[in-house]
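The exercises below are meant to be worked through with the sequence and the coordinates at hand. Attempt each task before reading its solution.

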Amino acid sequence: MAFQERVFSGMQPTGNLHLGNYLGAMIRWIELQKSMDCIYCVVDMHAITVFQDPADLTRAIREVTAAYIACGLDPARSVIFNQSQVAEHAELAWVFNCVARLGWLNRMTQFKEKAGKDRENASVGLYAYPNLMAADILVYRATHVPVGEDQKQHLELARDIAQKFNGDFRQAIAARGHNSDGFFPLPEPLIQGPATRVMSLRDGTKKMSKSDPSDYSRINLTDDADAIAQKVRKAKTDADALPSEEAGLKGRPEAENLVGIFAALDGRTKQAVLDQFGGAQFSAFKAALVDLAVARLAPIGEEMRRLVADPSSIDAILRDGADRARAIARPNMDAVKDIVGFIR
Ligand code: TRP
């Protein structure tokens, strides 16, 4: 018996959501909600694996929620909520702490990067973070997970955890008449490839990042039309005209990035963009990109500012989403408790 198809993904509530988050993740999420059951989470419990100022965290949770909605995630169609309101995430994460092996977590490259040299001083939560991520997905028995390349290893860990749980508890699972493939599906990554990787507007070899000290390196989703236009105009370019063939973008990271942004914002391929602009100077291309970026992004910023100005309406959306998320998570968590042998 196959598992019911369900999409789960999440984003951390940290400030400065930018064009990279939109083109790299959100557009895909919006597309998926048209054809599948989707659950989109603001993963606030993941955020506190490194210290967050409480007031900043509260603001960031509302801001990411506003971004989800302003970009086009529909709370009537998809479940939109914040992780900490659905206690089942933490509950299942504990069980997974006891399923995952130290050796597995020791291989996680993101922990090594984030903990840096002072590993002794990293929080236990940062170390166990992938187990919580597995619980996020599997507490809904989700089958498809859109994530960036950087999360691929964590998703493989989630599959390993699901598989080990299914194996360790095979008899208890069968005795309770669950899916003969096991209690948990092995969730499939839907990897957002490098094609949608948005690079810094100041340096085409670096990823666009919320932590870049130069605000000119990124277009924030909250930027207004003037800021968007300014940043596109000031974006780094090279001296040559645009090539007519995609191959001509090789070795020209800034040109490749701007053409890629144009293509993604306009829903066409880079080659289609070059069919139009090949041979043109950057001045002409940038003028068109300003118009396109302002048309596509300024309304998102406006809507975000409108939503954030009314926090109680965002909180109501999150509460409703949490209720709907819990309605799926609770029966699954109860089944896990029975399988493990807890009394409830
Ligand atoms: N770890 C992810 C990130 O930093 C966020 C995340 C948490 C997530 N739980 C998830 C993504 C579950 C997909 C599914 O980007």
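**Exercise 1.** Determine which helix holds A335, whether A335 is buried or exposed, and which residues A335 touches beyond its sequence neighbours.

*Solution.* A335 is found in helix α14, which spans residues 311–340, helices being DSSP runs of H or I with at least four residues and strands runs of E with at least two, both numbered from the N terminus. Its relative accessibility is 12%, so A335 counts as buried, a class that means under 20% relative accessible area, with exposed meaning over 50% and partly exposed lying in between (1.4 Å probe, protein chains only). When residues up to four places away in sequence are not counted, A335 touches H178 and F183, where contact means heavy atoms within 4.5 Å. With F183 the separation in sequence is 152 residues, while the C-alpha to C-alpha distance is 8.9 Å.

The model is a predicted one, in which local features need pLDDT of at least 70 and side-chain atom pairs count only at pLDDT 80 or more, whereas totals for chains, interfaces and linings use all residues. Residues are numbered from 1 along each chain as its sequence is written, and side-chain values use heavy atoms, with hydrogens and water left out.

**Exercise 2.** Describe the surroundings of E88 and of N131.

*Solution.* Begin with E88, which lies in helix α4 (residues 88–97) and is buried at a relative accessible area of 4%. Not counting residues up to four places away in sequence, E88 touches V139, R326, A329, R330 and M333.

Turn next to N131 in helix α7 (residues 124–138), which is likewise buried, with a relative accessible area of 2%. Its contacts, leaving aside neighbours within four places in sequence, are A93, F96, N97, A100, L105, L157 and I161. With N97 there is also a side-chain polar contact of 3.0 Å; a polar contact is a pair of N or O atoms within 3.5 Å, where within protein one must be able to donate a hydrogen and the other to accept it, and residues adjacent in sequence count only if both atoms are side-chain atoms.

**Exercise 3.** Characterise the interface between domain 1 and domain 2.

*Solution.* First fix the bounds: domain 1 comprises 7–196 + 310–340 and domain 2 comprises 215–306, as given by an automatic or database domain assignment. Their C-alpha centres lie 32 Å apart, and 14 residues of domain 1 are in contact with 14 residues of domain 2.

Next take the area, which is about 1300 Å² buried between the two domains, with carbon and sulfur atoms giving 73%; buried area is the accessible area (1.4 Å probe) that two parts lose on being put together, summed over both. On the side of domain 1, L19, Y22 and A70 lose the most area to domain 2, together 39% of what that side buries.

Finally, consider polar interactions: the rule finds 3 residue pairs in polar contact across the interface, both residues at pLDDT 80 or more. Helices α1 (19–32) and α3 (54–71) each supply at least two residues of the side of domain 1 that touches domain 2.

**Exercise 4.** Where do N16 and R141 lie, and what is the sign of phi at N16 and at R141?

*Solution.* N16 sits in the loop between β1 (7–11) and α1, and R141 in the loop between α7 and β4 (144–148). Although N16 is not a glycine, its phi is positive, at about 60°, and R141, also not a glycine, has a positive phi of about 45°. N16 is partly exposed at 32% relative accessibility, and R141 is partly exposed with a relative accessible area of 21%.
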